[in-house]
Each structure stands twice: as structure tokens, then as C-alpha cells.
Amino acid sequence: MLLWTRIVLVALICLSLVSSGMGCGPGRGYGRRRHPKKLTPLAYKQFIPNVAEKTLGASGRYEGKITRNSERFKELTPNYNTDIIFKDEENTGADRLMTQRCKDKLNSLAISVMNQWPGVKLRVTEGWDEDGHHFEESLHYEGRAVDITTSDRDKSKYGTLSRLAVEAGFDWVYYESKAHIHCSVKAENSVAAKSGGCFPGSSTVTLQDGTKKAVKHLRTGDRVLAADHDGNPIYTDFIMFIDQDSTTRRLFYVIETDSGQKITLTAAHLLFVGHNTTTTEEDEEEEEEEDEDEQMSAVFASKVRSGQKVFVFDSERSRLEPVTVKRIYTTEHEGSFAPVTMQGTVVVDQVLASCYAVIEDHDLAHWALAPVRLAHWVSSLLFSPQPRASAQDDGVHWYSEILYRVGTWLLDSHSIHPLGMSVYSS
């Protein structure tokens with residue numbers, strides 16, 4: 001009888017947590033209509049993100065021209081959306097052909113345009129180019145780029161149109177010309193477009209007995225090194241993987257410190273960095289004292305920069321020490337795993353990281369996973385506390401996916417990593 005009472009009590013608590021989570025989102029209550037977001041128009045010649053189009057942080061490298069006779073022509077799909085006007089000056093339907101990702105973003109933008117300016121439609125002046133009208137290695141040759149205007153060709157709208165394109169999810173938007181806006185997307189098979197928030201399976205964690213264990217071999221109930229809310233080292237239970245993929249090759253950021261530690265994680269994963277990121281010669285002694293209590297915050301791995309400090313576990317002093325980032329580069333690995341612990345943190349390859357990704361708010365993500373932690377706590381009370389093998393299959397955990405869907409509704413898009421969005425929308 002006591003057992004069933006506990007189970008019912010836990011169920012009621014979990015339901016209350018979920019319902020309160022829906023009602024206490026950041027700044028918006030349950031069922032309230034969101035106010036329209038204030039849009040900041042792009043300036044002429046401005047591009048977002050502020051990197052070159054064919055780089056990792058934007059639409060990625062050029063992968064080769066697609067022709068009607070090439071095998072890759074099947075990657076293109078026609079767009080017959082009646083809410084979009086296609087110029088199609090070649091009369092071949094080429095402007096309607098594009099990759100599925102480009103089509104999805106374009107259709108989303110078309111809705112935004114009609115909402116922003118009733119009676120006005122989105123107009124595409126250039127889509128896939130098969131005639132060589134663009135510069136060498138243009139993404140138009142792959143159906144990954146479009147040039148757009150509004151149907152009324154009102155140039156005063158183009159700055160706002162550019163911003164709407166950014167909000168619609170295009171991977172690179174450029175207010176290129178007084179006559180049009182240029183937008184492009186990542187390749188369908190791009191590893192950059194498939195980067196969620198994970199570590200390679202070969203990354204290691206430290207168990208309570210001092211041994212190392214590969215992330216991919218973690219079992220529910222393993223006690224792993226992490227940090228508490230105050231940044232103190234603590235051993236905590238591994239609960240589950242919120243995302244795991246044993247086979248797909250993905251792109252990872254490698255963040256290397258000046259003392260030789262390296263942590264490898266995907267762009268959308270959160271990593272703790274110190275607030276104090278500069279050093280002056282006269283203040284070296286002062287900063288060494290400040291390091292004792294250096295504050296930390298979680299940022300996307302893709303935002304970490306050389307000169308910032310990450311937190312490394314010093315086994316001799318049994319504490320986390322701020323260490324300067326020396327360099328950052330990328331690499332590919334097969335397999336990716338996103339472990340969750342009771343503390344919401346984990347020390348991977350001696351560097352402290354958050355267990356969360358995609359949403360740039362560690363505390364909010366940790367709070368949202370409260371029902372999962374509660375369920376694990378109850379399970380450990382009712383059943384054997386010994387580590388046990390997980391039956392979890394590859395893929396995003398259903399609870400995590402639901403939270404992400406809710407998050408995209410409640411949160412502003414700048415709080416959500418663009419690469420993370422592509423994971424759940426694919």
C-alpha cells in the first residue's frame with residue numbers, strides 16, 4: 001500500500017511540474033497570445049550571421065554544381081507555393097527548384113511576409129541556376145540559395161524582409177543589393193546541419209572510484225564527476241541520454257586550453273565559461289585570488305572564444321580551476337551522445353560542461369528536466385541502486401523533444417541555437 005501511495009504521489013508531483021512549466025514560461029503565461037516581436041531591419045550590405053556565406057557558421061562549403069543530368073538533380077524539389085511569386089524569366093521553372101531545406105525556409109518566410117504586410121507576397125527573382133549566371137561556386141548552382149523581394153517591389157521593405165528571412169531560419173541572409181535580398185541554407189547532407197548537442201562516444205567521464213569511462217558506455221545509475229550549483233565537484237547519478245546516435249558522422253568543436261585539456265562537443269551544446277576573460281600584468285596576483293571564486297555561465301560551444309576561461313578539474317586539489325582557452329577548431333566523429341545527470345552538469349575529458357543544449361539557458365533547461373530527475377530519484381528508492389544497462393534506442397528522447405517543441409513556442413529565436421533547430425525539424 002505504501003508503495004502505491006508513493007507512486008501516486010510522484011505522478012501528481014510530475015503533473016504539477018509539467019503544468020506549472022507551461023504556465024510559467026519566460027515572460028509568458030499559459031494560453032496567452034504572444035505579442036508580435038519587434039523586428040530590427042538589416043542595414044544595406046549587412047549579413048547574418050556575420051561570417052562568410054560558405055563557412056561552418058553559415059551555409060557551409062560549396063559541394064558542386066547540380067545539372068539536370070547529374071545524379072544530384074534528385075536533391076532538388078519544385079516549389080509550387082501559391083503564396084510565392086516566382087519570376088522565372090528563363091521560362092524553365094528553374095527558379096522553383098531548390099533543396100527541401102531551402103523550400104521549407106522559403107515557405108515559412110512567405111507566411112511571415114503576408115502577416116507583416118497584408119496583401120503583399122514574397123517574390124523570388126532567382127533560385128536554382130543552371131545557366132552559369134552567378135559567380136563561381138555560387139550556392140544558386142546547388143539550389144541552396146534564393147534572391148528575394150516583395151511582390152510590390154517596395155525597397156523600403158527590404159531591410160525588414162531581410163530580418164524576416166533570418167527569423168524564418170535561413171542559414172545566411174545578405175542584404176546584397178538595393179534590388180534584392182540573398183538567402184541561403186546548409187546542404188541537406190551537411191554534418192553542420194545535423195549538429196545537436198552531444199559529445200563523441202569516445203569522450204570520457206570520471207567515475208566515483210576514480211576510473212575513466214567512455215560516454216557511450218554509461219549506464220543508468222553510474223556515479224560520474226560533475227559540479228553542484230556553486231561550482232564544487234560532486235559525484236552524481238547518470239540518468240539517461242536525451243539524444244544518442246551511434247553511427248552518424250557529425251561535426252564537433254574542439255576547445256583546447258593552454259594547459260592541454262581538450263573537450264569535444266557539438267556547436268549547440270552548452271559549456272561553462274568564466275565571466276572574467278582578460279588579464280593585465282599589474283592585476284595578475286589579484287586575478288589569481290579572484291579565480292578562487294570566479295563566476296561561470298553557460299554559453300553555446302560555438303560562441304566560446306580564445307582567451308575565455310573554461311573550468312578544468314584539478315585532481316590534486318580536488319576542485320575546478322578556470323583555465324584559458326588557447327584555440328578552437330573543428331573535427332568529425334562517428335557517434336554522438338548527450339548524457340543527463342542529476343546535477344545537470346558533467347565533467348567530460350576533465351572539463352566542466354552542461355548536460356543541456358539548443359536552448360541557451362542552463363538553469364531553465366535544468367528546471368524543465370525536473371520530472372525526469374524526480375522519476376529517477378523515485379526509481380532509485382524503489383529498485384536497486386546499482387548501475388543498470390539502458391534499453392534506450394538511438395534518437396532524441398521523447399521528453400526532450402516535447403520540451404524543445406514547447407521551447408520554440410515560448411522562447412525568442414535568439415535563445416535557440418540555429419543548428420539545434422535543424423536537428424528537431426529534420
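**View 1. Tyr174, a buried ring in a predicted model.** Tyr174 has a relative accessible area of 16%, which makes it buried (under 20% relative accessible area is buried, over 50% exposed and in between partly exposed, with a 1.4 Å probe and protein chains only). Phe47, at 27%, is partly exposed. This is a predicted model, where local features need pLDDT of at least 70 and side-chain atom pairs count only at pLDDT 80 or more, while totals for chains, interfaces and linings use all residues. Residues are numbered from 1 along each chain as its sequence is written, and side-chain values use heavy atoms, leaving out hydrogens and water.

**View 2. Phe47 meets Tyr174 edge-to-face.** A search of the whole structure turns up 7 aromatic pairs (Phe, Tyr and Trp rings, six-membered for Trp, with centres within 6.5 Å; planes under 30 degrees apart are stacked, over 60 edge-to-face, the rest tilted). In one of them, Phe47 and Tyr174 sit 5.6 Å apart centre to centre, with 85° between the planes. Phe47 is in strand 1 (residues 47-48) and Tyr174 in strand 7 (residues 172-177), so this pair ties together parts 127 residues apart in sequence (strands are DSSP E runs of at least two residues, helices H or I runs of at least four, numbered from the N terminus). Ring pairs also bring in Trp172, making a cluster with Phe47 and Tyr174.

**View 3. The open sheet around strand 7.** Six strands run in the order 1-7-8-6-5-3, with mixed pairing (two strands pair if DSSP finds at least two bridges between them). Strand 1 and strand 3 (84-86) are the edges, each pairing on one side only. Strands 1 and 7 pair antiparallel over 2 bridges, and Tyr174 is the bridge partner of Phe47.

**View 4. Two lysines over tyrosine rings.** The charged end of Lys65 sits over Tyr141, 4.9 Å from the ring centre, and Lys178 lies over the face of Tyr44 at 4.2 Å. The cut-offs: NZ of Lys or CZ of Arg within 6 Å of the ring centre and within 35 degrees of the ring normal.

**View 5. Two nonpolar cores.** In the largest core, of 47 residues, Ile255, Ile263 and Leu271 touch the most other members (a core is a set of buried Ala, Val, Leu, Ile, Met, Phe, Trp, Tyr and Cys residues joined through side-chain atoms within 4.5 Å). A second, separate core has 27 residues, including Leu42, Phe170, Tyr175 and Cys183.
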